[in-house]
Amino acid sequence: MRELITYLILALVGFYVFPMFRSAETVAWLFPAIVNPIICFVCSYSYGVVRPYGWWFPLAITVLFVPALFIYYQPSDWYYVVGYAGVSFIASAIGWYIAKKREEERKKRRGQA
């Protein structure tokens, strides 16, 4: 549970704190199009490596973004929610798969030693 909270806090910082620093001079599309998907991917991948794959963690990250959509972006940009959910599910599955392969390699090494 502690790991879950850590990764969700990282996502919250990315969704709510970083957009506060954007201005008219900065590239406003950078956050929803590049920064937030990277944050979703990194958090979901990391959590997928630490914990088994679960459908609820990517869903939690997606739900955390919904209020930010209405605060920082246009409500008509709802497709970001769908995209972040997809990125989170894929990253979590990749993290789970890599962790599974590492565990299999460890078991093989223990059996040979």
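This is a short tour of the structure above, moving from the whole chain to a few residues worth selecting.

The model is predicted, so local features are described only where pLDDT is at least 70 and side-chain atom pairs only at pLDDT 80 or more, while totals for chains, interfaces and linings use all residues. Residues are numbered from 1 along each chain as its sequence is written, and side-chain values use heavy atoms, with hydrogens and water left out.

**The whole chain**

Begin with the full chain in a cartoon view, where there are four helices and zero strands, helices being DSSP runs of H or I with at least four residues and strands runs of E with at least two, numbered from the N terminus. Read along the sequence, the pattern is α-α-α-α, and the C-alpha trace spans about 60 × 25 × 25 Å along its principal axes.

Colouring by accessibility would show that buried residues make up 33% of the 113 residues; buried means under 20% relative accessible area, exposed over 50%, and partly exposed in between, with a 1.4 Å probe and protein chains only. Among contacts (heavy atoms within 4.5 Å) between residues at least 6 apart in sequence, 75% join residues at least 24 apart.

**Helix H3: Thr62**

Next select Thr62, which sits in helix H3, residues 56–72. Thr62 is buried, with a relative accessible area of 7%, and its neighbours in contact include Val81, Tyr84 and Ala85, leaving aside residues up to four places away in sequence. Show the side chain as sticks to see that Thr62 reaches the backbone oxygen of Pro58 at 2.8 Å.

**Helix H4: Val82, Gly86 and Ser88**

Move on to helix H4, residues 79–112, and select Val82 within it. Val82 is exposed, with a relative accessible area of 52%, and a distance drawn from its C-alpha atom to that of Lys100, 18 residues away along the chain, comes to 27 Å.

Gly86 lies in helix H4 and is partly exposed, at a relative accessible area of 29%. Its C-alpha atom is 8.2 Å from that of Pro58, although the two residues are 28 apart in sequence.

Now select Ser88, also a residue of helix H4, which counts as buried at 0% relative accessibility. Not counting residues up to four places away in sequence, Ser88 touches Cys40, Ser44, Pro58 and Ile61. With Ser44 there is a side-chain to side-chain polar contact at 3.4 Å, where a polar contact is a pair of N or O atoms within 3.5 Å, one able to donate a hydrogen and the other to accept it within protein, and residues adjacent in sequence count only if both atoms are side-chain atoms. For a longer view, the C-alpha atoms of Ser88 and Leu4 are 14 Å apart in space and the residues 84 apart in sequence.

**The cysteines**

From Ser88, step across to Cys40, which Ser88 touches, and then add Cys43 to the selection. Cys40 is buried, with a relative accessible area of 0%, and Cys43 is buried as well, at 4%. A disulfide is a covalent bond between the sulfur atoms of two cysteines, and here the term is applied to a pair of cysteine sulfur atoms within 2.5 Å. The cysteine sulfur closest to that of Cys40 belongs to Cys43 and lies 7.4 Å away, which is too far for a bond. By this rule the count of disulfides is zero.
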